[in-house]
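Reader: I am in my first year and would like a close look at one part of this protein, taken slowly. Please choose a place where charged side chains meet, and explain each term as you go.

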Amino acid sequence: MPRRLLPTLVALGCGLLALAWGLVSLQRIFHQEREDARAQMRSRREALAHTAAEAFRQSLARHLEVHIPELHSAVGDPLAPGEGFYLLFRDHQFLPRLTRPRPGTQSPARDTYDLLAQRLKDGAPAGRWDQRLARLRAVEAALTAGDTRGATTLTEDLLRYHSANPLTPAQELPFLLLAVERLKRGPATMPLVRALLREGLPEDFGGFARGAGLQRDLLRDRSHFTQTDFDFLHERIVWLSTTLGEPVDDFIDRATEVGAGMLITPDGLEGPILLGEQWYLEQRGEAMYGIAVDVNALLRPIADDMRARRLFDADGRLRLKPGGPIQPIHAVRLEVDMPQWARAEADIEARYGLKTVLVAVCGFLAVAIFALSLVSQQRKYRYLELKSDFVATVSHELRTPLASIRLLGETLERKLSQSPEVRDYPLRIVQAADGLHFLVENILSFNRIDKGRWKLRTSRMRLEELVNPLRDDLASATTVPLELTTDLGDAELEADPSLLRLLFANLGRNACAYNRRNPVVISIQAQVIPGHFCTVLFKDNGIGIPVAEWENVFQDFYRLTQPGPEVHGSGLGLALCRKIMRLHGGDIQVASSGPEGTTFALTFLEPQQQ
């Protein structure tokens, strides 16, 4: 058989290899399609990200340029907003403003204020303050006398003396604060006194280094005061400004302004940078300019513009790609996020997965077809072999009885009257004819049932009526005595009598053929459960069937090989028995088997019993 299958195996193998090569090539094409689609999407994403990043860089530069005047104003004017600006000039940070007070709980400025107020009240000497206090008393006296012109002249003299003899901030601001408090006269307050609060002194008082007004001076010199002194001076200045009708809102805002502290910038910058995604810094000569940025707020108009140009869909988003605490502007990268791209990528993967599954299914089907082809060819050759064996067996079985009939007939013709030993020849002729008839009947019945051409002609009958003819049927099947016992009771079946007689005849003939005992003993019993089933146990005392062959013996043309003399047969007996049982809706199995004999169990469903 392997040699017969070799051409088929070669042809199928070549076909399978060709199909496998085709499927692998197809899978490579699908893979390349997926990679090309991914590359196209990546290219579009990178192009949009590059365009958005360039617009973002330009937006940062414009944002700083627009706010340069405000930044310069914040550097020159402590009352101008300074939050969000950065200026570093010659290693000195002007912005953001350093708003940390001097450490400690002492209050030298308040102590100075209290001392000067007490000396003005009691007129006691005050050392270094005597010249200032004397001039301040003179101004007060002129104001009390109603001499406005004289008071103005004396005030100028006081301020010029004060400007020519500068003091520390902790001494200067308390004195000026006290001077404004003593010289204020409501709406009639002199302009020079009002200027001490906010506007500052005119330029001709140039010797006075701190002439920008108490509000600005306190904010500028904030780091020279402890928090206690700063709060005290701030409170008094606000009260005086409110009393005299001077603006104080910006002064209060700057006093509560929270500075960013010192910003550490790296040395050797060669271009603008993004610091911590919060500050945009740009070197201009010796100065480092910077501005606080809201990255999302700057990206929003860029995204809107790209939507207006139909480069984005409605759900498209831009975000800054993380790049460390310090990012050179030329290296800043943006990420483009659009749900439609995620859906497109999912579609690409889904299509690729579907194609891969189809390729796998095709491969599986090819392997299955290959296997089925092998099985089909193997069964074909097996069928041909079985057919050949069957033809040889049947030819032998038919030739033997026919030869016997011919020989016996010729001998009977010549010697019947001459020799007494041939008197049994007529009986032997009948037995040989019966064997031939039974073989032909088996073949014809098997063929009709196998082709579905047998039509059941059922009738109700007692099992005893079916078994009684078995003695006559087996009379010519053995040369040794036969003992047949039954225990069937009144069991009845709805069945085809001719088929059941053929079934029991085949079981009986097998029991006689595969038997080495004398006599041959056959026992038939019926076990009935009303309304459910009827089991007929057919037991013999033959040579037995090996356990491994219990199912094989019911195969078509299968003959059991046993040691000892050859047993003739067609291999159709038990196969025909199973077909008859299944035609009646039942089944036949080997219940037990051994050296003492074999028991077959015939199960009939829904028996009829009176």
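Author: What follows is a close look at helix α12 and its salt bridges to helix α1.

The model is predicted, so local features need pLDDT of at least 70 and side-chain atom pairs count only at pLDDT 80 or more, while totals for chains, interfaces and linings use all residues. Residues are numbered from 1 along each chain as its sequence is written, and side-chain values use heavy atoms, with hydrogens and water left out.

Helix α1 covers residues 2-66, and helix α12 covers residues 339-415; a helix here is a DSSP run of H or I with at least four residues, numbered from the N terminus. The structure holds 27 salt bridges, a salt bridge being a side-chain nitrogen of Lys or Arg within 4 Å of a carboxyl oxygen of Asp or Glu.

One of these joins the side chains of Glu 33 and Lys 355, with N and O 2.9 Å apart. Glu 33 belongs to α1 and Lys 355 to α12, so this pair links distant parts of the chain, 322 residues apart. To describe how open such residues are, we call a residue buried under 20% relative accessible area, exposed over 50%, and partly exposed in between, using a 1.4 Å probe and protein chains only. By that scale Glu 33 is partly exposed, at 38% relative accessibility, and Lys 355 is partly exposed too, at 26%.

Another salt bridge brings together the side chains of Glu 349 and Arg 34, at 3.4 Å from N to O. Here Glu 349 is the partner in α12 and Arg 34 the partner in α1, and the two distant parts of the chain that they link are 315 residues apart. Glu 349 counts as partly exposed, because its relative accessibility is 31%, whereas Arg 34 is buried, because its relative accessible area is 14%.

Helix α12 also holds Val 361, which is partly exposed, since its relative accessible area is 38%. Together with Val 357, Phe 364, Leu 365 and Ile 369, Val 361 makes a nonpolar surface patch of about 490 Å². Patches are made of residues with over 30% relative accessible area and no salt bridge, with like charges joined within 9 Å and nonpolar side chains (Val, Leu, Ile, Met, Phe, Trp, Tyr) within 5 Å. The accessible areas come from the Shrake-Rupley method with a 1.4 Å probe, and for residues only the protein chains shown count as cover.
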